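The exercises below concern a predicted model. Please work through each task before reading its solution.

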Amino acid sequence: MAQVEATTERIVAADAETVFDALADYSGTRAKLLPEQFSEYEVREGGDGEGTLVHWKLQATSKRVRDCLLEVSEPTDGELVEKDRNSSMVTTWRVTPAGEGTSRVVVTTTWTGAGGIGGFFEKTFAPKGLGRIYDAMLTKLAAEVEK
């Protein structure tokens with residue numbers, strides 16, 4: 001079984017603190033940022049960064065739906081880590097300054113993929129699909145914070 005990784009990034013025309021606060025606002029802003037592949041979104045504990053427990057279903061393909069229950073931590077400044085209690089999936093959001101009034105947002109998701117031929121296809125195609133999903137989310141994030 002191989003480690004699978006998908007990374008997407010975007011420069012956003014807003015300062016890093018504003019962008020991070022929007023991403024960490026699970027009880028408010030975050031729900032507005034989710035594209036159509038997410039459903040059943042629910043904050044179960046907390047709601048603002050560290051200590052939040054959030055649930056959603058992620059439909060990555062027409063046949064693949066992940067039931068995610070994520071624990072949120074903030075290991076360093078500008079970093080949100082979402083660890084899925086139901087799988088090996090971990091998503092890390094990093095927000096860093098990228099010049100005057102702009103920031104860079106990098107989202108990386110890793111998980112332990114399947115073995116064999118299924119694992120080969122997962123490692124080949126899943127990162128591209130997840131990249132498209134997170135690119136849509138980053139577009140919505142930019143629209144939200146660049147107002």
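Four exercises follow, each with a worked solution.

**Exercise 1. The sheet**

Determine the order of the strands in the open sheet and identify its edge strands.

*Solution.* Step one is to list the strands by their pairing: the seven strands of the open sheet run in the order E1-E7-E6-E5-E4-E3-E2, and the pairing is antiparallel. Step two is to find the strands that pair on one side only, namely strand E1 (3-12) and strand E2 (38-45). Step three concerns the twist: ignoring direction, neighbouring strands of this sheet are turned by 20° against each other on average. Step four examines one pair in detail: five antiparallel bridges join E2 to strand E3 (residues 53-59). Valine 43 has valine 54 in E3 opposite it.

**Exercise 2. Helices on the sheet**

State which strands helix H1 and helix H3 touch or cross, and at what angles they run.

*Solution.* Begin with helix H1 (residues 16-24), which lies across E1, strand E5 (79-84), strand E6 (90-97) and E7. The direction of H1 is at about 160° to E6. Turn next to H3, which packs on the sheet and touches E1, E2, E3, strand E4 (65-73), E6 and E7. The direction of H3 makes about 25° with that of E1.

**Exercise 3. The largest pocket**

Describe the volume and the lining of the largest pocket.

*Solution.* First, the volume: the largest pocket holds about 330 Å³ of space. Second, the lining comprises 15 residues, of which Ala60, Thr61, Arg64, Trp111 and Ala126 are the closest to the pocket centre. Third, the origin of these residues: helix H3 (residues 116-145) supplies the largest share of the lining, eight residues. Fourth, the chemical character: eight lining residues are nonpolar, two are polar and five are charged.

**Exercise 4. Two residues compared**

Classify threonine 110 and alanine 114 as buried, partly exposed or exposed.

*Solution.* Start with threonine 110, which is located in strand E7. Its relative accessible area is 17%, and because the cut-off for buried is under 20%, threonine 110 counts as buried. Beyond its neighbours within four places in sequence, threonine 110 contacts Gln3, Val4, Glu5, Ser88, Met89 and Val90.

Continue with alanine 114, found in the loop between strand E7 (103-112) and H3. The relative accessibility of alanine 114 is 38%, so this residue is partly exposed. As a last step, relate alanine 114 to valine 19: the two are 95 residues apart in sequence, and their C-alpha atoms are 34 Å apart in space.

Conventions:
Residues are numbered from 1 along each chain as its sequence is written. This is a predicted model: local features need pLDDT of at least 70, side-chain atom pairs count only at pLDDT 80 or more; totals for chains, interfaces and linings use all residues. Side-chain values use heavy atoms; hydrogens and water are left out. On a 1 Å grid over the protein atoms alone, a cavity is a set of points where a 1.4 Å probe fits but cannot get out, and a pocket is an open set with protein on both sides within 12 Å along at least five of seven lines; lining residues have an atom within 4 Å of a point. Grid points are joined across faces, edges and corners, and a volume is the space filled by probe spheres set on the points. Helices (H or I, at least four residues) and strands (E, at least two) are DSSP runs, numbered from the N terminus. Ala, Val, Leu, Ile, Met, Phe, Trp, Tyr, Cys and Pro count as nonpolar, Asp, Glu, Lys and Arg as charged, and the others, Gly among them, as polar. Buried means under 20% relative accessible area, exposed over 50%, partly exposed in between (1.4 Å probe, protein chains only). Two strands pair if DSSP finds at least two bridges between them. Axes are lines fitted to C-alpha atoms, for helices over the stretch in contact, and angles run from 0 to 180 degrees between N-to-C directions. Contact means heavy atoms within 4.5 Å.
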